[in-house]
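Trainee: I keep running into words that sound like judgement calls. Can we go through a few and see what stands behind them?
Mentor: Sure, let's have a look together.

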Amino acid sequence: MADGEAPGRLESILTDSSAPLAGRVWAAGAIELRMLTRLAAPAVVMYMINYLMSMSTQIFSGHLGSLELAAASLGNTGVQMFAYGLMVHLV
């Protein structure tokens with residue numbers, strides 16, 4: 001389904017009073033889920049990669065010692081707060 005087709009199809013499903021309500025809600029929910037997935041998937045992937053990078057850095061630095069682990073944890077937190085600050089400022 002192309003991007004332009006989804007809102008029109010969604011409107012036609014919701015305004016069709018001949019179909020049962022449960023069927024219309026189910027079909028509309030499926031269309032909305034597809035549209036939301038296309039919007040949210042890049043953000044979910046980015047957050048997963050960010051979390052995995054932070055976790056792997058802490059695992060590797062934990063093998064070096066407690067001081068290195070603390071430094072890596074503070075560094076990861078600082079970089080993440082900087083990135084979120086940029087993201088909020090740009091939005």
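Trainee: Leaving aside its neighbours within four places in sequence, which residues is Asn76 in contact with?
Mentor: Ser54, Thr57 and Gln58. Keep in mind that this is a predicted model. Asn76 itself is found in helix α3.
Trainee: And what makes these count as contacts?
Mentor: The test is heavy atoms within 4.5 Å. Asn76 passes it with Ser54, Thr57 and Gln58, once neighbours within four places in sequence are set aside.
Trainee: How do you know whether Asn76 is buried or exposed?
Mentor: Buried means under 20% relative accessible area. Asn76 has 18% relative accessibility, so Asn76 counts as buried.
Trainee: How far is the backbone oxygen of Ser54 from a polar atom of the side chain of Asn76?
Mentor: That distance is 3.5 Å.

Trainee: What about Ser61, buried or exposed?
Mentor: Try the cut-off again: under 20% is buried. Ser61 comes out at 8%, so Ser61 is buried too. Ser61 is found in helix α2, and, apart from neighbours within four places in sequence, Ser61 touches Glu68, Leu69 and Ala72.
Trainee: How far apart are the C-alpha atoms of Ser61 and Ser73?
Mentor: They're separated by 9.0 Å, with the two residues 12 apart along the chain.

Trainee: OK, helices now. Why is α2 called roughly antiparallel to α3?
Mentor: Look at the angle: the axes of α2 (residues 21-64) and α3 (residues 66-90) cross at roughly 160° and come within 7 Å. Angles over 145 degrees count as roughly antiparallel, so α2 gets that label relative to α3. The crossing is right-handed.
Trainee: Which residues make that contact?
Mentor: On the α2 side they include Tyr47, Ser54 and Ser61, and on the α3 side Leu69, Asn76 and Met87 are among them. Sorted by class, the contact has six nonpolar, nine polar and one charged residues.

Trainee: What makes α1 roughly antiparallel to α2?
Mentor: Same recipe. Helix α1 (residues 5-15) packs against α2 at an angle of about 165°, with the axes 9 Å apart. The cut-off is over 145 degrees, so α1 is roughly antiparallel to α2. This crossing is left-handed.
Trainee: And who meets whom there?
Mentor: Ala6, Arg9, Leu10, Ile13 and Leu14 in α1 meet Arg24, Ala27, Ala28, Ile31, Glu32 and Met35 in α2. By class, that contact has eight nonpolar, no polar and three charged residues.

Notes: Residues numbered from 1 in each chain as written. Predicted model: local features only at pLDDT ≥ 70, side-chain atom pairs only at ≥ 80, totals over all residues. Heavy atoms only, no water. Axes fitted to C-alpha atoms, helices over the stretch in contact; angles between N-to-C directions. Helix = DSSP H or I, 4+ residues; strand = E, 2+ residues; numbered from the N terminus. Parallel < 35°, antiparallel > 145°, perpendicular 65-115°, else oblique. Left-handed = near helix turned anticlockwise from the far one by under 90°. Nonpolar A, V, L, I, M, F, W, Y, C, P; charged D, E, K, R; others polar. Buried < 20%, exposed > 50% of the residue type's maximum accessible area, 1.4 Å probe, protein only. Polar contact = N/O pair within 3.5 Å; in protein donor to acceptor, adjacent residues only side chain to side chain.
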